Amino acid sequence: MDSSETSIDASAARRLGELLTGTEARQVAGRLADGDTLTVALKAIPAGRRAEVRSLMGEDPKISLIAVLRAIEGARTAPNSAVALWTMPGHVARGGPLTSSVSHFVEDARQSVTCSTFNFQRSSALWATLRRAALRPELAVRVYVDTAAADHGPSRSTPTTTEVAKHLHPGLVLRTREFNGVRVRNHAKFIAIDHRFLLVSSANFSWSAENGNVEFGILIDNRNLTEAVEREMLGAEDLLYERVVCGRGASAPRVDGLSG
């Protein structure tokens, strides 16, 4: 019998690997192994991706499909850990890395850097670090900022959203827009690195947040969670954000390794 009749197509398997998190692959495989129909098993996947996943799976025999899903699960599996990240005056904190060390995490990125913040200040160490990251052709840099914080009453220390886009070109910068007649506020503060490491923090991108305030964050090593956060933001982009055009050529909306 032709192998194409007994195993899932290689290109389809590759696309499934892009679409599914390890958790989703494990849940679908488990349900199929328990005897559930494909329709029931796919309820483990959000509705927005379910149709494409089903079309890729086609009529493939369960045993082959389960093997592919287990392979995706294994490939997506990474050690899970979480450590506290602190800022305190005088570097009093002793319970984990300092917020000022975040720049080193960004410099070590190999695939992507996605950031969300209320505002930027030029005094932030990340201001220069993200610029260097954006200039690396192998990195996809994506930044979400709050329009009101940057564009309403800008100062020497706070760049406008257009200035942020120019500074981080050719990375992609998105700012909040109106939704139902009300300007959206972007108060989500996180950095996602390589679709695996997720830093969630109270700190803005400023010198005081990185060195002088009392700020607390968590650095998480969890690929499934990080991908889920990035995917949620991607899903909200068309409604809540608009791309900032900096006038220096098109900023390609690269999202390497992550599918919306």
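This passage looks at the surroundings of Glu215 and at the aromatic ring pairs in a predicted model.

A good place to start is Glu215, which is found in strand 9, spanning residues 215-221. Glu215 is buried yet forms no salt bridge. Lys189 offers the nearest side chain of opposite charge, and this lies 6.1 Å away, whereas a salt bridge requires a nitrogen-oxygen pair within 4 Å. Polar partners are nonetheless present: the side chains of Glu215 and Asn213 are joined by a polar contact of 3.0 Å, and a polar atom of the Glu215 side chain lies 3.3 Å from the backbone nitrogen of Ala203. With residues up to four places away in sequence set aside, Glu215 touches Leu85, Trp86, Thr87, Ser202, Ala203 and Ala209.

Turning to the aromatic residues, the count comes to four ring pairs. In one of them, the ring centres of Trp86 and Phe216 are 4.7 Å apart and the planes meet at 55°, so the pair is tilted. This pair links distant parts of the chain, with Trp86 in strand 1 (residues 81-87) and Phe216 in strand 9, 130 residues apart. Trp86 is partly exposed at 24% relative accessibility, and Phe216 is partly exposed at 37%.

Tyr144 and Tyr241 have ring centres 5.0 Å apart and planes at 65°, so their pair is edge-to-face. Because Tyr144 lies in strand 3 (residues 140-145) and Tyr241 in strand 10 (residues 241-243), the pair ties together parts 97 residues apart in sequence. Tyr144 counts as buried at 1% relative accessibility, and Tyr241 counts as buried at 7%. Finally, ring pairs link Phe120, Trp127 and Phe205 into a cluster.

How values were computed. Residues are numbered from 1 along each chain as its sequence is written. This is a predicted model: local features need pLDDT of at least 70, side-chain atom pairs count only at pLDDT 80 or more; totals for chains, interfaces and linings use all residues. Side-chain values use heavy atoms; hydrogens and water are left out. Helices (H or I, at least four residues) and strands (E, at least two) are DSSP runs, numbered from the N terminus. Buried means under 20% relative accessible area, exposed over 50%, partly exposed in between (1.4 Å probe, protein chains only). Lys and Arg count as positive and Asp and Glu as negative; His and the chain ends are not counted. A polar contact is a pair of N or O atoms within 3.5 Å; within protein, one must be able to donate a hydrogen and the other to accept it, and residues adjacent in sequence count only if both atoms are side-chain atoms. Contact means heavy atoms within 4.5 Å. Rings of Phe, Tyr and Trp (its six-membered ring) pair if their centres lie within 6.5 Å; planes under 30 degrees apart count as stacked, over 60 as edge-to-face and the rest as tilted.
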